[in-house]
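Student: I should like a close look at a single part of this structure, the helices towards the end of the chain. Please describe how they are arranged and which residues bring them together.

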Amino acid sequence: MRVLFSSFFVWLCLAVQAQNTIGIPDIINYSREAYNAGTQNRGIVQDRNGVMYFANYEGLLSFDGNYWKSYPLPNKTVVRSVAIGKDNRIYAGGQDDFGYFSPDKNGKLTFTSLKKLLSGKNYNFSDIWNIVPYGNDVFFLCREKIFQLNNNTITVYPAVSDWLFLGESNHQLIAQDGKNGLLEFRDGLWTPFLKASALPPGYLVTCIFPFGKDSSFVCTVNTGFYILAGNTMTPFRFAAANPFTNERVLTAIAVNKDWLAIGTNLDGAYIVNRQGEIIQNLSRKEGLQNNNILTLFLDKSKNLWMGLDNGIDFIAYNNAIKHIYPEKLNEGLGYTSLVYNKEFFVGTSNGLYSLPIDEQVGDLSFLRGEFKSIPNTKGSTWGLSEVNGNLLLGHHDGAFQIKDDRLIPINGHTAHWTFLPFSNVLPSSLVIAGSDVGIDLLRYENNHFTFQGSLPGYNTSSQFMAIDNNNTIWVAHPYRGVYRIDMTDSAHPRTRLYTEKDGLPSYLKNHLFKVKNHIVVATEKGVYEYNPRSDAFELSPYFKGFFGERNIRHLKEDASGNIWFIEDNSLGVVDLSGTQPEIIYFPELSGKVVADFEHIYPYDKGNIFVGAEKGFYHINYEEYKKNRYPIQVRIRSVRAFGKMDSLLFAGYYGEVGDSLDQPANAAYRISNNWNSLHFEYTSPLYSAQSSITYSYCLKGFDRDWSAWSKKTEKEYTNLPAGSYTFQVKSKSNLGNESTVTGYSFTILPPWYQTTWAYLFYALLFSGLVYLLYRWQRNLFRRQQRRHEEEQKRLQYLHQLEMEKSEKEIVKLRNEKLEAEIEHKNTELASTAMHLVQKGELLSNVRDELMRMKKGGNGDGSPDELKKMLRILGEENKMDKDWEQFAIHFDKVHSDFLQILKSAYPALSAHELKLCAYLRMNLSSKEIAQLENISTRGVEISRYRLRKKLKIPTETNLFDFLMELHAAGARPKPDA
């Protein structure tokens, strides 16, 4: 019986120890397909800039939150161990080789083997299992030897039997030798240091780390755990039976000052406190890829990394968001939750579950135990409500009251959603129950609810229901609109339907809530509120400042007045605790809530429950706001591409832990053929990767910063020549913003825009200018010659024009003279007519005298004599006419008569008159008429004139007179 009782007690203790916390931290699995490398991962380190490194089966593996990169050893062997030294180099140990990874000039990690520093006899060795930086030195352990690297010199310490372990804690470098046990390195020697030890025979130390100010925690493979204080080793005691008795423990680490994480090869990892109590077990059941934990590592954000036998797992242990699975196998949809009477109830698509609450546990995610299924609740549990101090359940099979984990049916005819007290004064005798086919009226008496019938005149699903201060019931239907039910006359309620005709953006997707004591409708275009004056809905001015016209699906007000909401499929809260409202999103839960059945239950500041597609999420909001980790961004690679790609920068300046700021001498000068660049950037905040957004700007090209986005790469094509700086910054959902990280570079101009090209252009331009000058000069000379020729031609033409003008003038003058001569000739003709008349007169006198003579009167009568005298007087007048004719004749013919008189003064007046008639080119007949003589007489007068003028017979008289006139008209030369 004693043996049986002891066995039962041990089983009971183990059962209690095995109870896990209900809240499981978010676990991210990285399979070998994700990181594209080997299976086993035996070592994990993190540099100062947050980048993670893993000792992987196929080489060194790095991860920066978004990108994985593998660096194989030159001999392509397994990397067994990894460590970062004081010099910021990544030391790695493999099979028959060890050395360090350090960035080259382009920032790409390259391996430098230290094996070349060994002498010939130490050149061959087995796997390097441990690497420990100690001061300025680095120690490497293999089975046969320990290598000490100091100032590029290696000291070798051979094993007495086998070196089994090497580690450092509290400034002690400790190794285990298979024969001599634990040794301490001091003054260049490995010496025993334990005076009292509880270590059993055959122990094998796997890890050691600080566990307090002056003590260390020592972990062995299968012989337990110990506390090393000074030179004394004592066992670590568990509160109950040791759960690791049948486990192989390969790794352990301090999670915080009170908790430890211990990794096993069969049962995952355990979280244990200093008192030996098991806090939590993380295994494949909780989401690990497998239970064989090879190494554990706590990063700068206090989150846990696990190197597995096959894969890598990340546990957001320091995150304030935990996952709750009421049932381990089904993992149904989370519909409703409520804390009632020191029990935590959760309703899923599979049923209703409960868990007792320990009042000493403030964060309910740390409640230990397993949820208990409430009998007869299998199926969808839509809603839990506490009304009049009683717990009511809206189930797919009806409405129920829960008492002592038993169901008491209220109405089992149809599914029910929610329950509301009709009166503001509790307990309310009338309770309104929203069902799938209308609204039920429940009568409350003596802690018992009785179905009183359905609300008359209304038979529509009432999932979203609220009651205002005027006892008016409001119901939103997802695809009909919003109903207003006036309960003034409860026997005959008046119902009115509001649709898009009444101010709502649509009759679809309307969800109704009571927030800040107001009835509001969450729609696809913002939050709307009822206006009783216009009897219509309008966009709420209060909520518009928070949500604008975005798609809001759910609203819930907590006890502090904060407004929790779901926008599209993202959870957020309007925090009103500060001086200014702050909107905080939870990107960790984006896309994980249950669409159309959203559920938010803010129990208190430290316990917010959200229904999820798999169970529930728990948010310790108070802790979440505190986790404002510093955030930084790094440019992990820069590539230039043209016809081929070229890596310009691989993420490191100097060593791996050096500053992310680019040194001035590291600005890259890029050929113009590679003027298209691709940038990759990341922020190594692993627990909040989904919440990080980025903004970038290419200084010298972009006008302003880009909008915030989750994009982790940017490409620029065909950049013109010039100097640029690519700048990027990151921001978390809590508003933490990193400093700006930049990468400066210069795109060189193409060959035709280089200095030599411009010099060539200058010389070519000078030559062209000279040739142009020569050509211009020759052209000028040709033009000058042409101009001179043209001037001569123009002068010639001008001369011709002048002559032509003179001729024209002479012509005009001649024409004028001819006109004048014509006029004068007219006058001369008139004068000649007078002469003719005179001749006629003389002829008349002659005839008259002849008549008188014939009459015989020799003396004549006085009258006849008077007549004769009168006729003679007329002849005298005609002589005056001749004188007038002579004057006009000389004017017309340039003093012809004067010249003739001057040349031949002996000429008589009659002969001058004849010459004048001849100059006028009158015929002999015309002259005869003028002279009143016969033609023969004219010929005789002409003959006498020729003789007097001494004109030869062959010379024409007219021509002679013209020549004489012309000769007499010329100006005489000076004497």
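Tutor: The following account treats the helices one contact at a time and then turns briefly to a sheet elsewhere in the chain. The model is a predicted one.

A suitable starting point is helix H9, which spans residues 924-931. Its buried residues are Ser924, Ile927, Ala928, Leu930 and Glu931. Viewed down the axis of H9, these buried residues fall within an arc of 165°, so they line one face of the helix. Asparagine 932 follows H9, and its phi is positive, near 60°.

The next element to consider is helix H10, comprising residues 935-949. The axes of H9 and H10 come within 8 Å and cross at roughly 105°. Angles of 65 to 115 degrees count as roughly perpendicular, and H9 and H10 are therefore roughly perpendicular to each other. On the H9 side, the contact is made by Ser924, Lys925, Ile927 and Ala928; on the H10 side, Thr935, Val938, Glu939 and Arg942 take part. Ser924, Ile927 and Ala928 thus appear both among the buried residues of H9 and in its contact with H10. By class, the residues of this contact divide into 3 nonpolar, 2 polar and 3 charged.

H10 also packs with helix H8, which covers residues 909-919. Here the axes lie 11 Å apart, and the angle is about 100°. H8 and H10 are therefore roughly perpendicular to each other. From H8, the residues involved are His910, Glu911, Leu914, Cys915 and Leu918; they meet Ser941, Arg942, Leu945 and Lys948 of H10. This contact has 4 nonpolar, 2 polar and 3 charged residues. Arg942 of H10 takes part in the contact with H9 and also in the contact with H8.

For context, a sheet occurs elsewhere in the chain. This open sheet has 4 strands in the order E3-E4-E5-E6, with antiparallel pairing. Its edge strands are E3 (41-46) and E6 (68-71), each of which pairs on one side only. From one strand to the next, the twist averages 20°. Strand E3 is joined by 5 bridges to strand E4 (residues 52-56), and the two run antiparallel. Within this pairing, asparagine 41 stands opposite asparagine 56 in E4.

To return to the helices, H10 is roughly perpendicular to H9 and roughly perpendicular to H8.

How values were computed:
Residues numbered from 1 in each chain as written. Predicted model: local features only at pLDDT ≥ 70, side-chain atom pairs only at ≥ 80, totals over all residues. Heavy atoms only, no water. Pairing = 2+ DSSP bridges. Axes fitted to C-alpha atoms, helices over the stretch in contact; angles between N-to-C directions. Buried < 20%, exposed > 50% of the residue type's maximum accessible area, 1.4 Å probe, protein only. Arc of directions from axis to C-beta. Parallel < 35°, antiparallel > 145°, perpendicular 65-115°, else oblique. Contact = heavy atoms within 4.5 Å. Nonpolar A, V, L, I, M, F, W, Y, C, P; charged D, E, K, R; others polar.
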